[in-house]
Amino acid sequence: MSEIGKLYIVPTPIGNLADISHRALTILAEVDLIAAEDTRHSLKLLQHYDIQTRLISLHDHNESQRAVELISKIQQGLNIALISDAGTPLISDPGYGLVNQCRTANITVIPLPGPCAATTALCAAGLPTDRFRFEGFLPVKMQAKHQALATLLLESATSVFYESPRRIAQTVQDIVEVLGEDREVVLAKELTKTFETFYSGSAAACHAWLLADPNHQRGEFVLMISGVKASQTEVSSEAMALLTLLMKELPLKKAAAVVAEHYSLKKNILYQMGLDLNK
């Protein structure tokens with residue numbers, strides 16, 4: 001019986017092809033098979049480095065079926081590499097099902113370090129990095145998106161998201177509506193490419209910048225939202241008491257606005273606290 005194979009998790013460049021590691025190239029050249037999110041896209045990378053390894057697709061629509069097939073091949077002794085279109089597999093990309101099933105089957109999974117758009121953007125954004133939360137893509141539907149953003153009203157850590165060019169302007173507008181126009185935001189696009197761009201400012205300023213030129217909305221985005229400062233979340237017991245009292249007589253939005261004006265507080269934060277009190 002042949003020795004069982006291994007699964008390698010291999011990050012690939014997010015833009016600049018020179019960012020792939022020597023170890024990653026060695027693995028891709030030596031494995032028996034490469035499972036790729038888009039074989040046509042990944043073929044360009046392999047051809048650039050003259051790698052002849054055969055490609056097989058693994059994406060959101062076929063992962064459950066393909067995982068069974070790939071695990072069978074690994075158990076027969078084949079070594080397989082998993083790659084995505086760009087960056088580190090599984091990070092807002094396919095692969096979780098395969099890796100999870102490999103672990104269950106006691107197949108060795110070997111991760112390689114490498115490119116990731118989220119950390120690449122975060123380290124140059126100028127926002128605090130001691131604590132951050134990565135959320136992938138926000139929901140597409142507005143109500144769900146607003147609910148997701150509302151969880152950041154009291155969040156003190158930096159929040160990191162991915163966003164597509166066709167939705168970026170609306171998403172930043174949603175941030176203005178839910179978190180307030182003054183919340184600090186950093187937009188990073190076209191990372192490691194020729195037109196790499198960072199733009200930072202208030203949510204309102206970032207929205208205005210996106211609308212100022214259609215070119216500003218082009219490219220894949222990393223959207224980073226600053227956490228709230230400790231002073232912004234300090235609500236006195238008197239303010240909370242007034243909010244609780246007014247909530248009995250007024251709609252929550254109006255009650256939060258009255259308390260915010262009286263105590264010079266953020267009405268969005270008071271609104272979220274009111275929602276918490278009603279749970």
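Here are some questions and replies about the salt bridges and the core of this predicted model.

Me: Why is the pair Asp38 and Arg40 called a salt bridge?
Reply: The closest N and O atoms of Asp38 and Arg40 are 3.7 Å apart. The cut-off is within 4 Å, so the pair counts as a salt bridge.

Me: Why is Arg40 called exposed?
Reply: Arg40 has 66% relative accessibility. Exposed means over 50%, so Arg40 earns the word. Its partner Asp38 has a relative accessible area of 24%. Partly exposed lies between 20% and 50%, so Asp38 is partly exposed.

Me: What makes Glu190 and Lys193 a salt bridge?
Reply: Their side chains meet at 3.9 Å, N to O. That value is within 4 Å, so the pair qualifies. Lys193 is partly exposed, at 39% relative accessibility.

Me: How do you know that Glu135 and Arg133 form a salt bridge?
Reply: Their closest N and O atoms are 2.8 Å apart. Since the limit is 4 Å, the pair is therefore a salt bridge. Both residues also belong to a network of salt bridges with Arg131 and Glu155.

Me: Why is Arg133 called partly exposed?
Reply: Arg133 has 22% relative accessibility, and buried means under 20%, so Arg133 is partly exposed.

Me: Which residues touch the most other members of the largest nonpolar core?
Reply: Ile175 and Leu187 do, in a core of 21 residues. Helix α7 (168-179) is one of the elements that give two or more residues to this core, and α7 gives the most, with 6 residues.

Methods
Residues numbered from 1 in each chain as written. Predicted model: local features only at pLDDT ≥ 70, side-chain atom pairs only at ≥ 80, totals over all residues. Heavy atoms only, no water. Core = buried A, V, L, I, M, F, W, Y, C linked by side-chain atoms within 4.5 Å. Buried < 20%, exposed > 50% of the residue type's maximum accessible area, 1.4 Å probe, protein only. Helix = DSSP H or I, 4+ residues; strand = E, 2+ residues; numbered from the N terminus.
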